[in-house]
Amino acid sequence: MKDIINRKWAIITQINREFDELYHKIAVHYNLSDSCFWVLYILYEAKRPLSQKEICDYWCYNKQTINSAIKNLENIGYINKGYEENNKMNKKIGLTSSGLKISEKSVKKVIEIEDRAFISVDEKDLDTIIELMQKPLMAFKDEVNKVIK
């Protein structure tokens, strides 16, 4: 039984890696690192400036990875940092006009691709996939937290 579960979990892991590889291929096509692409993706989708913490939390990236991506994107002029009017402690990251242009070329195109690809999957099936993926994720988190505190 354990071997069957391990083989099936390997298939799920492989599917996830294939999705990651496709998104990586897209990022490379637009001369972006994966993390830079995902920062642009969330900023484009949010349609408003976000804090670094919001970006980290949304994609489950660590602060160092997002910080590096933000520095790279800022250096090439795709994003800028500013402060909220009523909170000078909280920096917000937003797209510049160049960042919006590259996002419309890359992120918007990817969203359109996702829409075309995933429209073929029934909404009930998507709900089932989400529910089924959350169960092993929670179990795995519990096991990891027992070992790594």
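**Charges and core: a short tour**

Hi everyone, let's start at the surface, where D122, E123, D125, D127 and E131 form a negative patch. Patch members have over 30% relative accessible area and no salt bridge, with like charges joined within 9 Å. Before going on, a word on the source: this is a predicted model, where local features need pLDDT of at least 70, side-chain atom pairs count only at pLDDT 80 or more, and totals for chains, interfaces and linings use all residues. Residues are numbered from 1 along each chain as its sequence is written, and side-chain values use heavy atoms, leaving out hydrogens and water.

Back to the patch: D127 sits in helix α7, residues 123-147, helices being DSSP runs (H or I) of at least four residues. D127 is partly exposed at 45% relative accessible area; buried means under 20%, exposed over 50%, and partly exposed in between, with a 1.4 Å probe.

Now, the salt bridges. The whole structure has 5 of them, each a Lys or Arg side-chain nitrogen within 4 Å of an Asp or Glu carboxyl oxygen. Helix α7 holds K146 and E143, 3 residues apart, and their closest N and O atoms are 3.0 Å apart. In K53 and D57, that distance is 2.7 Å. R48, E54 and K92 are linked in a network.

Finally, the inside. Which residues have the most contacts in the largest nonpolar core? They are L32, F37, L40, I55 and L73, in a core of 28 residues. Such a core joins buried nonpolar residues through side-chain atoms within 4.5 Å. Helix α2 gives the largest share, 9 residues. Thanks for listening!

Conventions
Patches are made of residues with over 30% relative accessible area and no salt bridge: like charges are joined within 9 Å, nonpolar side chains (Val, Leu, Ile, Met, Phe, Trp, Tyr) within 5 Å. Accessible areas come from the Shrake-Rupley method with a 1.4 Å probe; for residues, only the protein chains shown count as cover. Lys and Arg count as positive and Asp and Glu as negative; His and the chain ends are not counted. The place of a charge is taken as NZ of Lys, CZ of Arg, CG of Asp or CD of Glu. Helices (H or I, at least four residues) and strands (E, at least two) are DSSP runs, numbered from the N terminus.
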